Amino acid sequence: MGLVVNFMNNLFTQEIAIDLGTANTLIMYDNKIVVDLPSIIAIDIRIQKVIAVGEKAKKMQGKTHENIKIYKPLKDGVIADYKIAELMIREFIKKIPGINNRLFTPSLTMVICIPSGITEVEKRAVKDSAHNLNAKEVYLIEEPMAAAIGSGISVTKAEGNMIVDIGGGTTECGVIALGGIVCKKSIKIAGDVFTNDISYYLRSKYNLYVGERTSEKIKIDIGSAIETINIPPENIRIQGRDLSTGKPKEMSISYKEIIPALDKSILRIEDAVMETLSSTPPELAADIYKTGIYMAGGGSLLRGLDQRIAKKTGLSVFLVEDPLRAVVKGTGIALKNIDKFTFLMK
Ligand SMILES: Nc1ncnc2c1ncn2[C@@H]1O[C@H](COP(=O)(O)OP(=O)(O)OP(=O)(O)O)[C@@H](O)[C@H]1O
Ligand SMILES: [Mg+2]
C-alpha cells in the first residue's frame with residue numbers, strides 16, 4: 001500500500017529546490033543540479049514571446065534592437081518584476097529533464113531560498129509566484145542558512161559558525177547555531193556592484209565606455225582585492241567606445257589598476273562582516289574564533305577577497321567548495337529534510 005501511495009505521490013508531485021539569485025538561478029531536482037543559468041530573459045515585445053532565457057539571453061545583453069527587451073527580474077536579491085520572474089522560472093522548469101514528459105503536469109513541492117533581509121510582503125509575493133507556477137507546497141529558507149548547509153556546516157549543533165555569502169546582488173553575513181540564524185547582516189553590495197565599479201572607473205579615468213559583459217569579464221579575468229597575489233594575472237586588452245571621440249577603442253589594463261576601483265565596495269563588505277561579528281554573543285564568538293569564517297557565492301571568488309577579510313577580522317577565512325552552488329545544494333538538502341528542519345518557513 002505504502003508503495004502505491006508513494007508511486008502515486010511521485011506521479012503527481014515533484015520536488016524541486018530553487019536558488020533564485022540576482023545573477024544566477026539554480027534548480028535541484030532528484031538530487032541533481034538540473035538548471036544553472038543566468039537570471040535573464042529576452043522577450044520579443046512585438047509578439048510578446050520569450051525568445052531566450054539564461055546564457056543565451058545573457059549573450060544578447062547590450063546588443064538588442066528595439067523589439068527585443070532583456071530583463072533581469074531580480075534586483076538586490078529579491079524579485080523586482082513578478083510577471084517576468086514567473087515567465088523566466090517557468091522556462092527554467094521546462095528545462096528540467098523528466099519533469100515534463102509526463103502524462104500529467106505534476107504539482108510541485110518547492111523549497112525556495114530567499115535573502116535574510118526580505119520583508120513579510122516580499123515573502124508572501126515569492127510564495128504567490130510559486131503557487132502560480134503549480135506549486136502545492138512552498139517552503140522558504142534563508143540564504144545564509146542554505147549556504148551553510150550546502151557548505152557542509154552542521155547547522156543544528158550548539159556551535160556557532162559564520163558564513164558570508166557574496167552573491168551578485170547581496171552580501172549576506174550570518175552566524176548560525178542550533179538550527180537558527182543568531183545574528184545577520186545583509187547589504188546590497190556584492191559582485192554586480194564590483195562590475196559597476198569597473199565600468200565607472202574606466203569611464204571616469206579613460207573616457208572608455210564598456211558594456212556590462214566586458215566589465216564582468218575584466219572582473220573575473222583580472223579583478224583583485226589585494227596587490228600581493230601569488231600568480232598575478234596578465235594585462236588584458238579591452239574594447240569599448242571612446243566617449244570623447246565616439247570611436248571604438250582598445251586599451252590594455254593591469255590588475256593593479258582595478259584594485260582601487262573596487263576598494264570602496266570591499267570596505268562596505270568588510271564593515272558588514274565586522275558588524276555581524278560585533279553583534280555576536282560571546283560564546284558564539286569564541287566558537288568562531290576557532291572555526292573561522294566561511295565564504296560562499298560567486299562574489300567571493302574575487303582574487304584575494306578572502307585574504308582581505310582575514311586581515312580585517314584577524315580570523316581564518318575559508319572559501320567553501322563550489323561557492324556558486326553552495327546555496328542550491330543547501331536548499332536541496334533542506335528539501336530532503338523538510339520534516340526535520342524546523343527552521344524552514346512555510
Ligand atoms: N571567478 C569570479 N570572480 C569574481 N566574481 C565572480 C566570479 N564568478 C562569478 N562571479 C560573480 O559572482 C556573482 C554571481 O554570484 P552568485 O551566483 O552567487 O549570485 P546570486 O546568487 O545570483 O546573487 P544573490 O545571492 O545576491 O541574489 C556575479 O556578480 C558574478 O560576476
Ligand atoms: Mg545567491
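**Pocket lining.** I sorted the lining of the largest pocket by class and got 17 nonpolar, 16 polar and 16 charged residues. I note that the model is predicted.

I then looked at the pocket itself. The largest pocket holds about 1,100 Å³ of space. Its lining runs to 49 residues. Nearest the centre I find Ala 23, Asn 24, Gly 167, Gly 168 and Asp 192.

Next I listed the elements that give two or more residues to this lining. Five are strands: E1 (13-20), E2 (24-29), E3 (32-38), E7 (74-75) and E9 (107-114). The helices are H2 (55-60), H6 and H7. Which element gives the most to the lining? I find H6, with 6 residues.

**Ligand 1.** I asked which pocket ligand 1 takes up. The space it occupies is the largest pocket.

I went on to the shell around ligand 1, which has 21 residues. Coming nearest are Thr 22, Ala 23, Asn 24, Glu 216 and Lys 219. I split the shell by class: 5 nonpolar, 12 polar and 4 charged residues.

Two helices, H6 (191-206) and H7 (212-222), each supply at least two residues of the shell. Which element gives the most here? I find H7, with 3 residues. For the pocket lining I had noted H6 in that place.

**Polar contacts.** I looked for N or O atoms of the protein beside oxygen atoms of ligand 1, and I noted three residues. Asn 24 places a backbone N or O atom 2.7 Å from a ligand oxygen. Asn 24 is also among the residues nearest the pocket centre. Gly 168 places a backbone N or O atom 2.9 Å from an oxygen of ligand 1. Asp 192 uses its side chain instead: a polar atom there lies 2.7 Å from a ligand oxygen. Gly 168 and Asp 192 are likewise listed nearest the pocket centre.

How much of ligand 1 does the protein bury? Taken alone, ligand 1 exposes 650 Å². The protein buries 91% of that area.

**Where I stopped.** I kept Ala 23 and Asn 24 marked, as both come nearest ligand 1 and both lie nearest the centre of the pocket.

Key:
Residues numbered from 1 in each chain as written. Chains lettered and ligands numbered in written order. Predicted model: local features only at pLDDT ≥ 70, side-chain atom pairs only at ≥ 80, totals over all residues. Heavy atoms only, no water. Near = heavy atom within 4 Å. Polar contact = N/O pair within 3.5 Å; in protein donor to acceptor, adjacent residues only side chain to side chain. Areas by Shrake-Rupley, 256 points an atom, 1.4 Å probe, with all protein chains shown as cover. 1 Å grid on protein atoms, 1.4 Å probe; cavity = no way out; pocket = protein on both sides within 12 Å on 5 of 7 lines; lining within 4 Å. Sits in = over half its atoms within 2 Å of the grid points. Helix = DSSP H or I, 4+ residues; strand = E, 2+ residues; numbered from the N terminus. Nonpolar A, V, L, I, M, F, W, Y, C, P; charged D, E, K, R; others polar. Points joined across faces, edges and corners; volume = space filled by probe spheres on them.
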